[in-house]
Amino acid sequence: MSAPLAVPLDNRAVARVLIEIADLLELKGENPFKIRAYRNGADVVAHAAEAASALDEAGLRAWSGIGKDLATRIREIASTGSCGVRDELLTEFPETLLEVLRLQGVGPKTVALLYKELHIKSLEDLGQAARAGRIRGVKGMGAKKEELILKALDERQRHAGRHLLAKATGVADDLIAYLTTHAPAATIVTVGSVRRGAETSGDLDLLATGADASLADAFVAYPTVERVLGHGPTKASVLLRGGYQADLRVVQPDQRGAALQYFTGSKAHNIAVRDRALARGWKLNEYGLFDADDHAIAGATEDGIYQALGMNWIAPELRENRGELEAAAAGALPNLIVAADLKGDVHMHTTESDGRESLETMVAAARARGLQYIAITDHSQSLAMTNGLDERRTYEAADRIRAYSATLKDFTVLAGIECDILADGTLDLDDDCLASLDIVVASVHSAMQQDEAEMTARVIRAIEHPAVDIIGHLTGRMLLRRDPARVNVEKVIDAAAANGVALEINSQPYRLDLSDSHARLARDRGVKIAINSDAHEVEALGFTRWGILTARRAWLAKDDVINTLPLPAFRGALRRHRQGAVSSGG
Ligand code: DGT
Ligand code: CA
Ligand code: CA
Ligand code: ZN
């Protein structure tokens, strides 16, 4: 039994331990019902509103699906970070085997078999065995399985240790909240790639001022710390559960701006900024900007540093050395879009297809977020597994949406569809049906393996269809999971510009598609952008936060984004209402 923790684990951390136990039981070939109970338990804990650590056994058992045994385990995990069952399982299997288990497409049976037959204990062992062709020799494996394993290992290698922006932000926010309770007077902020809003990040970088060495002590004692990599009074580094490395720096208030600037990066941006200092015979580092005699010129604020170097302050999202220094020196930085500029969200789903909530619930949540209009864009028929709509259901849903919208004061719901772009570039619903709607988002969801010529022609054909207003998630990429489809983005952008079709920045954390650089290219060629949540539940309406960050990294201003327009102007900006386009029947 482990020693009690200073601070109990939060629900997410408890859930992770439960999942680990389920994984280990699966390796052992245990009773599937028992395994399921742990997985369900993890789900319940992760989604519970109350902290598991604050409840006694009876309180935990009041949660559905939590029996006596599980309640005991949860209590133990929350207070000690582990439990007897887990510790015992880890005497039977090395912990490194869990990483093998998490490899895409390698199930517990395979892992257990390879452990038994080839003594494969880690990803390293697995790679060696696969490359040496030893896996195909194991009964029940074969050359095909070996190839799949090599591919999974390669993918993992490419994504190793990187995390989605939304997740990294959540982990950083939790860590900062914890640190703030230890040092209420300190200012603690996220720097590095997370502050720049980059789509993925390698590690978390935190910067604190107004704190003493006890902050670093609290940092290394954070409940989810797995390993302390370094620990000094002004600098510490830890490995957190979930594979996040986090670095903390504590600096003096008069150096705060210099440290913020330095640790925000990017490296390429910093090098270019430092070159400007060097050109003046000055020196710039994380402690400040200094003249040739080592007198401090600036350092307390970032603004002071940029100003001293003849530039306007540059928003973190732009700091990639993609022309921002020149623009800042010329006073020509864009006036970047902010979250409050969004007036509508025109891509989301309801229970009519694969969404989790009704039209009414989505509307209430969107209103509560301060939006003025939304479009309901459920899937079309060819996505059968989402219960996609055929023409008849599309007409009916549109009637229902418009009737409901008419009952609302100061809010409008547009009747739309996320229409599938079929493999040949034709659309999934007939022309009359599409023309009758208020808005059509067209997206690719199938035949993602097409070659570049085919995929590009397919999307352009959809863009040329007069009923299409917006192309959804153009490349279909899934960050850290699936590469973008082979599509010539530049040609698509030119076609969108020629036809007055907008391109979407899909704000789903694992999509962010268009990417920042593609969105910037689109804007440069005169294409309007729509920032949409693609929400399938109310919480997901908040995803536009990530879409906004991506838009800012793309240098977009309010005017570049069509759903910043109030409704009448938004409607007028849609392709269907532009000159030469078909007019909507509705
Ligand atoms: P990541 O963690 O891979 O997502 O990317 P960053 O940008 O967060 O990079 P990281 O964590 O290695 O370093 C944080 C910032 O510190 C980086 O953006 C710029 C600054 N920095 C780190 N190493 C150097 C360096 O060698 N030279 C300069 N000028 N800046 C550096
Ligand atoms: Ca970093
Ligand atoms: Ca770092
Ligand atoms: Zn979609």
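**A walk from Asn312 to the cores**

Select Asn312 to begin: with a relative accessible area of 33%, this residue is partly exposed, because that label covers values between 20% and 50%. Keep in mind as you go that the model is predicted. Asn312 sits in a loop, with α15 (302–308) on one side and α16 (324–329) on the other. Now show what Asn312 touches, leaving out residues up to four places away in sequence: you should get Tyr306, Gln307, Ala328, Gly331 and Leu333.

For the next hop, add His182 to the selection. His182 and Asn312 are 130 residues apart along the chain, and 35 Å separates their C-alpha atoms.

Next, pick Thr209, in strand β4 (residues 204–209). Buried or exposed? Thr209 counts as buried, because its relative accessibility is 5% and the cut-off for buried is under 20%. Turn on its surroundings, again skipping residues up to four places away in sequence, and Ala186, Thr187, Val251, Gln252, Pro253 and Arg256 are the ones Thr209 touches. With Arg256 there is also a polar contact between the side chains, at 3.3 Å.

Now go to ligand 1 and display its shell. It is made of 16 residues, and Ser193, Arg196, Gly202, Asp203 and Asp205 are the closest. Colour the shell by class and you'll find 8 polar, 6 charged and 2 nonpolar residues. Colour by helix instead, and α11 (192–195), α13 (256–264) and α14 (267–279) each turn out to give at least two residues to the shell.

Three distances around the ligand can be checked here:

- Arg196: a side-chain N or O atom is 2.9 Å from an oxygen atom of ligand 1.
- Asp205: a polar side-chain atom lies 3.0 Å from an oxygen atom of the ligand.
- Arg162: here the distance from a polar side-chain atom to a ligand oxygen is 3.2 Å.

On its own, ligand 1 has 600 Å² of accessible area, and the protein covers 72% of that.

Last stop: the nonpolar cores. The largest one has 65 residues, and Ile374, Val413, Val459, Ile471, Leu503, Ile529 and Ile531 have the most contacts inside it. Zoom in on Ile471. Which residues does Ile471 touch, not counting those up to four places away in sequence? They are Ile421, Ala442, Val459, Ile463, Val501, Ala502, Leu503 and Glu504. Apart from this largest core lies another, of 48 residues; select Leu25, Leu90, Ile135 and Ala152, which are among them. In soluble globular proteins, nonpolar side chains tend to be buried together.

Key. Residues numbered from 1 in each chain as written. Chains lettered and ligands numbered in written order. Predicted model: local features only at pLDDT ≥ 70, side-chain atom pairs only at ≥ 80, totals over all residues. Heavy atoms only, no water. Core = buried A, V, L, I, M, F, W, Y, C linked by side-chain atoms within 4.5 Å. Buried < 20%, exposed > 50% of the residue type's maximum accessible area, 1.4 Å probe, protein only. Contact = heavy atoms within 4.5 Å. Near = heavy atom within 4 Å. Polar contact = N/O pair within 3.5 Å; in protein donor to acceptor, adjacent residues only side chain to side chain. Areas by Shrake-Rupley, 256 points an atom, 1.4 Å probe, with all protein chains shown as cover. Helix = DSSP H or I, 4+ residues; strand = E, 2+ residues; numbered from the N terminus. Nonpolar A, V, L, I, M, F, W, Y, C, P; charged D, E, K, R; others polar.
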